[in-house]
Amino acid sequence: MHFALFISTAVAYALSFALYLIFLNTGKALTGRLGTLLLAVGLVAHYFALLERSRGLHTVPYHDLYGSMSLFGWLLALTYLGLELYHRQRSVGALVLPFVLVFFVAAHLAPADRLSPPEAHGPSFAFHVALSILAYSAFALSFVLSLVFLGEERLLRHHKLGNVVWRLPSLELLERMSRSSVLIGLVSITIGTALGFLWVDRLSNKYSFYDPKYAITLLVLLLYAVYFRLARTTAWQGARASKLCVFNFLIVFLSFTVVNFYLSHSHRYF
Amino acid sequence: MEIVLVGLNHRTAPVEVRERVSFTVEQARRASDELRLKGILEETLVLSTCNRSEVYGVPPETSRECARGLSTFLSEFHSVQMDVLGTSLYHHYDREAVRHLFRVAAGLDSMMLGEAEILGQVREAYRVAHEQGATGPVLNRLFQGALEVGKRVRSETELGTRPMSVASAGVKLAERIFGKLDERSALVLGAGTISEQVIAQLRDRGIAHLYVMNRSRDRADGLAKQYGGEVLPWGEWDKALPLPDVIVSSVAAEESVLRREMVEQAMEKRGNRALFFMDLGLPRNIDAAVGKL
């Protein structure tokens, strides 16, 4: 069952990616719509794959590296689909789906851990983790959108107007999509972090003030809040804001990797 | 029959070279006269657009020998050294020259495949040369044939179903940056045919505000009235440049109309709000350094 779900998800995502790519090259609306449809199918299959695995291991999806990566990929795809429907723009799909696929497949190639059942942390903790991973995926999406913005702006500046440039969203729309994505991330990380502190306070009553994860999370929150404010001003709109967004995601990446693996006491996979 | 063609276009020469070798209508007439007076050609026609400068002719001697003389003439006429022109110039003779002109008239040699304006430009160049008496039986037949081919290609193939023009491509480019133009404003410098095409395209795309600036106020008034725009007095850059999101320039001018320092000042006043320039002039109307701001 688990293998069937893995194959279904991978095939749906791969086909969706291929269709988005064809849509980017040809602009055929039907191809784009099919890409969206298959992304939705992939999301459903991916959801059941996560559920199946959690049931099998009697744990939550984010209890190990595999689960966290897979959940991250799922939330990335979900956030993208939300943005696509909201902004009615699907030409970025071809640039987002590879990341979703990589996270999904890499997670499944990771060695399967037989983990001890997790402690019962309760719903606040579950929301804290889920919202934090949602924030990371939304920030990752804004990172991709900012890179597309910078690439497209560079091509326009150098008058390199191939087919693809005409199919990508306008620079203005890319900025709006990036801001929407950051807004999702900001709201998620704010609520998620607040729930995390609440959980620590209520259940364990012990703050680990020396955990660098707290500091870097607050830094990420601050940096994206600054981005969100500046990106709406005329002086920062455009390439400047996009570069800031790329920089911010490097801090997120640092938080997700170096801080989680080597510095944090309680945040290994999220 | 011998036909010779010497020229350069967007494929062989960068805009820096093309703008130095472009001909105004008056220059085209003068060049035609000189070429015949000097005995380099018996029949002549100069075709000069923003993407190409070409001289078609019927030589008194063999066309290959004449081509060298034509290249030297172009170099001297525009005061551009031969080593600058050397790699940019192409030479076509007889059937190849005919084939090239037919491709040009059909829009197959344009920067934008199937571009709609080139056929009109070929027709205009032929009209000017014909009225001047610079064409004879060979070039008359050649250009009438080319115009016929251009029309047939557009009516009998799919090339004419979605005609592209510099104006439409420029406006599409503005949409790449700003998205929908219905909350944007544009300033059009110049009031000639190209400017009118751009204005029509901008209006089609729902531009919110349209400003027109032209040396001759009458023509600007006419365009503004026709398309619902506002005329700004020529030269009042301090007031004009901070206003629009898009600036389109298509002015016949030997020197840059907009210089870097003017745009720098305007950008300060705009609080660095994005500004898209579309320079459709040749020689260019906007200082190349503006692109580096």
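This passage walks through a predicted model with chains A and B, beginning with the overall make-up of chain A and ending with individual helices of chain B.

Chain A is a good place to start. Its secondary structure consists of nine helices and zero strands, so that a reader following the chain from the N terminus meets the order α-α-α-α-α-α-α-α-α. Of the 270 residues in chain A, 41% are buried. Among contacts in this chain with a separation of 6 or more, 83% link residues that are 24 or more positions apart. The prediction comes with a mean pLDDT of 86 for chain A, and 87% of the residues of this chain reach 70 or more. Confidence in chain A is highest in helix H1 (residues 2-26), with a mean of 92, and lowest in helix H6 (residues 163-167), with a mean of 81. As a general reading guide, predicted coordinates should not be read in detail where pLDDT is low.

Chain A is divided into two parts, domain 1 (1-112) and domain 2 (121-270). The C-alpha centres of these two domains of chain A lie 20 Å apart. Where they meet, 23 residues of domain 1 of chain A are in contact with 25 residues of domain 2 of chain A. On the domain 1 side, H1, helix H3 (65-87) and helix H4 (93-109) of chain A each supply at least two residues. H3(A) gives the most to this side, with eleven residues. By class, the domain 1 side of chain A holds 15 nonpolar residues, seven polar residues and one charged residue.

The two chains also touch each other. Ten residues from chain A and nine residues from chain B take part in the contact. On the side of chain A, the largest share comes from helix H7 (residues 171-204) of chain A, which contributes three residues. That side of chain A is made up of five nonpolar, four polar and one charged residues.

Chain B, too, has a domain assignment, with domain 1 (4-160) and domain 2 (166-292). The centres of these domains of chain B, taken over C-alpha atoms, are separated by 30 Å. Eight residues of domain 1 of chain B are in contact with seven residues of domain 2 of chain B. The side belonging to domain 1 of chain B has three nonpolar, two polar and three charged residues.

Within chain B, helix H7 (residues 137-156) repays a closer look. At 1.5 Å a residue, the 20 residues of H7(B) should span 28 Å, and this agrees with the distance of 28 Å between the end C-alpha atoms. The buried residues of H7(B) are Leu139(B), Leu142(B), Phe143(B), Ala146(B) and Gly150(B). Around the axis they cover an arc of only 90 degrees, which means that they sit on the same side of H7(B). The face turned away from this buried side carries the exposed residues Pro137(B), Arg141(B), Glu148(B), Ser155(B) and Glu156(B). The cover over the buried residues of H7(B) includes strand E2 (43-48), strand E3 (52-58), helix H5 (94-106) and helix H6 (117-132) of chain B.

A residue of helix H6 of chain B adds detail to this picture, namely Leu119(B). Leu119(B) counts as buried because it has 21 C-beta neighbours inside 10 Å, where 20 or more are needed. Leaving aside neighbours within four places in sequence, Leu119(B) is in contact with Ala105(B) and Gly150(B), and Gly150(B) is one of the buried residues of H7(B). Leu119(B) and Ala106(B) are 13 residues apart in sequence, while their C-alpha atoms are 7.0 Å apart in space.

Another helix of chain B, H10 (residues 217-227), can be described in a similar way. Its buried residues are Ala220(B), Leu223(B) and Ala224(B). Seen down the axis of H10(B), these residues fall within an arc of 100 degrees, so they line one face of the helix. Asp218(B), Lys225(B) and Gln226(B) are exposed on the other side of H10(B). The buried residues of H10(B) are covered by elements including helix H9 (193-204), strand E6 (209-213) and strand E7 (230-231) of chain B. H10(B) is followed by Gly228(B), which has a positive phi near 70 degrees.

Definitions and conventions:
Residues numbered from 1 in each chain as written. Chains lettered and ligands numbered in written order. Predicted model: local features only at pLDDT ≥ 70, side-chain atom pairs only at ≥ 80, totals over all residues. Helix = DSSP H or I, 4+ residues; strand = E, 2+ residues; numbered from the N terminus. Expected span 1.5 Å × (residues − 1). Buried ≥ 20, exposed ≤ 12 C-beta atoms within 10 Å, placed from the backbone. Arc of directions from axis to C-beta. Contact = placed C-beta atoms within 7 Å. Nonpolar A, V, L, I, M, F, W, Y, C, P; charged D, E, K, R; others polar. Domains from an automatic or database assignment. pLDDT = per-residue confidence, 0-100.
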